[in-house]
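Got your viewer open? Let's take a walk through this chain together, one selection at a time.

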Amino acid sequence: MNEENNHNPLNDNPEMKSEDPIETKDETKKEDVEISIEDLIPEDTDVDELLDKYDKDSSKLRKLTGPIALAVSVVAIFMSLFHLYTAYFGTLLSMKQRSLHILLAFVLGLALYPATKRSKKERPTIIDVLLMVLAVIVFGYIFMNVETIAIKGGQMTKIDYAFGVIAILLTLEVTRRVVGPELPIVTIVFLLYAYFGRKLPGLFAHRGFNVQRIVSHMYLTTEGIMGTPIAVSSTFVFMFILFGSFLDKTGVGKFFIDFAFALTGSTKSGPAMTSVLSSGLMGSISGSSVANTVTTGAFTIPLMKKTGYEPHYAGAVEAASSTGGQIMPPVMGAAAFIMADFTGFKYVSIIKAALIPAILYYIAIGTMVHLEASKKNLKGLPREQLPKMKNIFLSTGYLVIPLIIIIYMLIMQYTPTYAALVGIFSAVVIASIVSIIKKDKSFTYKSLLDALDSGAKAALGVICACACAGMVVGVVTLTGFGLRIAELIVKISGGNLLLTLFLTMIASIILGMGLPTTAKYIVLATMAVPALTKLNVNLMAAHLFILYFGVVADVTPPVALAAYAGAGIAGANSMKTGVQAFKLSMAAFIIPYIFALNPALILVKGTVGSTIEWLPFTAALPNIATAIIGIICLGGAMEGYLFYKAKFYERIILLAAALSLLVPGWISDIIGIAVIVLLFFLQTRRKKADMAASA
């Protein structure tokens with residue numbers, strides 16, 4: 001243990017005392033001084049700079065200036081206004097809506113993301129401009145000729161064929177720039193599979209398709225580039241990303257951090273618990289593991305280090321907490337909207353099913369950070385020095401009203417698109433009124449334009465991933481590859497459900513290491529879910545299962561992107577931080593198995609088609625209660641501390657108890673509870689003996 005953990009680490013900073021109020025400048029009189037979290041972080045912290053350094057999406061962006069930057073912003077603002085218009089007046093014909101959506105996104109992507117690291121960063125190149133023109137031509141062609149294309153019934157002219165080839169190549173290139181090379185490589189493999197299928201052996205063989213048929217399927221139908229993923233992206237997803245941009249401009253992120261700091265700052269694990277709570281709140285609307293780690297971590301990681309958490313542990317807490325935002329309703333990294341379209345379930349049904357497992361995940365992280373604080377005898381800040389909850393709500397509580405409105409509208413069965421539209425409108429109205437009343441110009445006309453601009457740019461990664469993944473889905477529907485993979489997985493597992501779940505988990509993590517949340521969910525939903533449902537796994541549980549393991553790839557070494565961002569801010573070893581984040585996220589590796597085997601944890605009794613038979617909350621309460629106790633045992637096993645420092649064999653027993661309590665069944669529950677009672681007596685007895693010996 002480091003020397004800093006043998007005393008109260010707050011004493012290392014004259015402005016932070018665990019037992020005494022903050023000292024005044026004359027050092028002769030002490031008084032209660034209310035502080036904010038900004039007072040406790042390094043003065044040179046620059047969130048934008050950290051984003052550029054650790055968020056690969058931000059770091060690749062060109063730094064445009066002058067007329068070029070203005071032109072790009074005009075396109076971005078027009079894109080946002082177009083989606084606001086269609087959200088209110090109704091979407092265009094499907095191919096028109098999707099083609100214009102892609103056209104605008106590709107123009108922005110080519111302008112903002114250079115082709116290589118050596119490309120010019122201050123302006124687009126001639127090649128970029130030519131590619132933008134091609135994007136306008138090939139997708140504008142569909143926008144202007146939807147009726148003609150429909151009448152032709154899939155028959156391609158030479159122009160159709162040429163434009164289709166260009167559209168496929170453009171989609172691969174723009175996705176490579178914006179998202180990275182992994183998804184385009186996967187897509188190319190699938191396209192080659194569609195062509196060479198006739199030459200493949202056994203289960204993977206199919207009759208094969210010529211180039212013209214593949215191009216037609218990918219370009220002129222709603223089964224390829226403009227398939228289901230882009231359908232969702234051009235409506236629900238874009239609107240919620242835009243909503244998140246408006247909330248960000250109003251300052252809701254700071255409210256979440258202040259709220260969490262005021263609520264948890266005085267607890268033993270105060271700074272770490274602040275990180276867990278604020279990251280969960282922020283992640284529920286941001287949907288980006290790395291961006292959330294950097295945004296909230298800039299405040300919480302330095303504070304955790306100052307109060308005694310080791311640097312790698314501080315970075316890991318923030319990474320694990322931020323990653324959980326992608327499984328926390330209502331947004332869930334945009335995957336919930338695509339899941340609704342894939343399954344036929346209502347969006348509100350998906351977030352209802354996802355809520356309890358997400359809460360259990362955060363309870364698990366909260367338990368571990370609290371046990372770590374207990375193990376190291378850390379202390380939070382005196383409550384009188386924390387900002388008052390009443391003051392926070394009086395000064396900035398209005399910022400969460402749009403979020404409350406949008407959740408209410410979703411519960412009342414309004415469409416997600418319309419709910420997001422009303423949420424955006426309410427955010428603008430409320431922020432503008434408050435700005436006028438306070439006369440502080442916190443939200444101005446420029447803020448409105450900035451939100452429209454940044455919202456469109458923030459959506460580029462999702463749009464490109466959806467367009468490229470749409471081709472993967474197109475090949476799967478064209479060749480029946482999904483059913484073949486399902487048969488292969490079931491065959492390898494011998495029909496054993498646990499082994500099938502394990503194989504699906506491995507595939508989900510591997511794909512998740514290189515793909516963004518939306519893309520990995522789309523690919524896995526078309527290939528892995530059929531294998532699970534074939535073995536009678538509930539459809540809702542199957543989709544949530546693959547989502548969970550695709551998401552936790554962000555904290556699974558060796559490619560733990562969120563953990564590496566946390567390590568960078570904390571100044572810690574990347575691999576050590578990744579391993580610790582993996583341990584803190586362990587609940588996410590167990591909970592999906594539980595609801596896959598017994599969907600009571602997601603409040604689902606059964607599903608027939610797109611109709612869900614819900615389990616009453618009271619009926620699920622025993623399972624939830626034992627799951628919470630099991631989560632606490634899991635935290636004790638991971639941290640080596642429950643009631644007192646645990647010996648090695650006690651950690652093994654705790655892990656066994658956790659699994660017993662998490663698995664539904666009264667016999668396993670009794671065994672798990674009995675183990676906890678036994679450990680309580682063993683550890684408290686040993687604690688008393690150690691205290692007596694040291695007295």
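Start by selecting Y85 and F89: both sit in helix α3 (residues 66-89), four residues apart, which is about one turn of the helix. Keep in mind as you look that this is a predicted model.

Now show the side chains of that pair. How far apart are the ring centres of Y85 and F89? They are 4.7 Å apart, and the ring planes meet at 35°, so this pair counts as tilted. Tilted is the label for planes that are neither under 30 degrees apart nor over 60. Next, colour by accessibility if your viewer can do it. Y85 has 46% relative accessibility, so Y85 is partly exposed. F89 has a relative accessible area of 58%, so F89 is exposed; the cut-off for that word is over 50%.

**A second pair of rings**

Select Y141 and F163. Here the ring centres lie 5.1 Å apart with the planes at 80°, so the pair is edge-to-face. This pair links distant parts of the chain: Y141 belongs to helix α5 (residues 126-144) and F163 to helix α7 (residues 158-178), 22 residues apart. Are these two buried or exposed? Y141 is buried, with a relative accessible area of 18%, and F163 is buried too, at 18% relative accessibility.

The structure holds 29 aromatic pairs, so there are plenty of rings to look for. For a cluster, select F236, F240, F243, F337 and Y347, which form one aromatic group together.

**Zoom out**

Time to show the whole chain as a cartoon. How many helices and strands does the chain have? The count is 32 helices and two strands. Of the 695 residues, 58% count as buried. Switch on the surface and you are looking at about 28,500 Å² of accessible area, with 65% of that area belonging to carbon and sulfur atoms. Contacts reach along the sequence as well: among those with a separation of 6 or more, 77% are between residues 24 or more positions apart.

**Into the core**

Hide the surface again and go inside. The largest nonpolar core has 230 residues, and the ones touching the most other members are F106, M540, L544, F545 and F595. Which helix gives the most to this core? That would be α16 (residues 347-376), with 17 residues.

Pick L544 and show what surrounds it. Not counting residues up to four places away in sequence, L544 touches M332, M339, A353, A354, F595 and I602.

**A helix with two faces**

Move to helix α18 (residues 401-411) and colour P402, L403, I406, M409 and L410, which are buried. Turn the view until you look down the axis of α18: the buried residues fall within an arc of 130°, so they line one face of the helix. Now colour I404 and I411. These exposed residues are on the face of α18 turned away from its buried side. Just after α18 comes Q413, which has a positive phi, near 75°.

**Two loop stops**

Select M226, in the loop between α9 (211-219) and α10 (228-250). Is M226 buried or exposed? Its relative accessibility is 0%, so M226 is buried. Show the neighbours: leaving aside those within four places in sequence, M226 is in contact with M95, R98, S99, I102, I142, M218, Y219 and T221. Try a distance too, from M226 to S94: the two are 132 residues apart in sequence, but 8.9 Å apart in space, C-alpha to C-alpha.

For the other loop, go to N536, between α25 (529-534) and α26 (539-551). N536 has a relative accessible area of 72%, so N536 is exposed. Draw a line from N536 to L497: these are 39 residues apart in sequence and 8.9 Å apart in space, C-alpha to C-alpha.

**Last stop**

Finish at Q683 in helix α32 (residues 666-694). At 0% relative accessibility, Q683 counts as buried. What does the side chain of Q683 have 3.0 Å from one of its polar atoms? Look for the backbone nitrogen of Y644. Apart from neighbours within four places in sequence, Q683 is in contact with L642, F643, Y644, A646 and E650.

Technical notes: Residues are numbered from 1 along each chain as its sequence is written. This is a predicted model: local features need pLDDT of at least 70, side-chain atom pairs count only at pLDDT 80 or more; totals for chains, interfaces and linings use all residues. Side-chain values use heavy atoms; hydrogens and water are left out. Buried means under 20% relative accessible area, exposed over 50%, partly exposed in between (1.4 Å probe, protein chains only). A polar contact is a pair of N or O atoms within 3.5 Å; within protein, one must be able to donate a hydrogen and the other to accept it, and residues adjacent in sequence count only if both atoms are side-chain atoms. Contact means heavy atoms within 4.5 Å. The arc is that of the directions from the helix axis to the C-beta atoms. A nonpolar core is a set of buried Ala, Val, Leu, Ile, Met, Phe, Trp, Tyr and Cys residues joined through side-chain atoms within 4.5 Å. Accessible areas come from the Shrake-Rupley method with a 1.4 Å probe; for residues, only the protein chains shown count as cover. Rings of Phe, Tyr and Trp (its six-membered ring) pair if their centres lie within 6.5 Å; planes under 30 degrees apart count as stacked, over 60 as edge-to-face and the rest as tilted.
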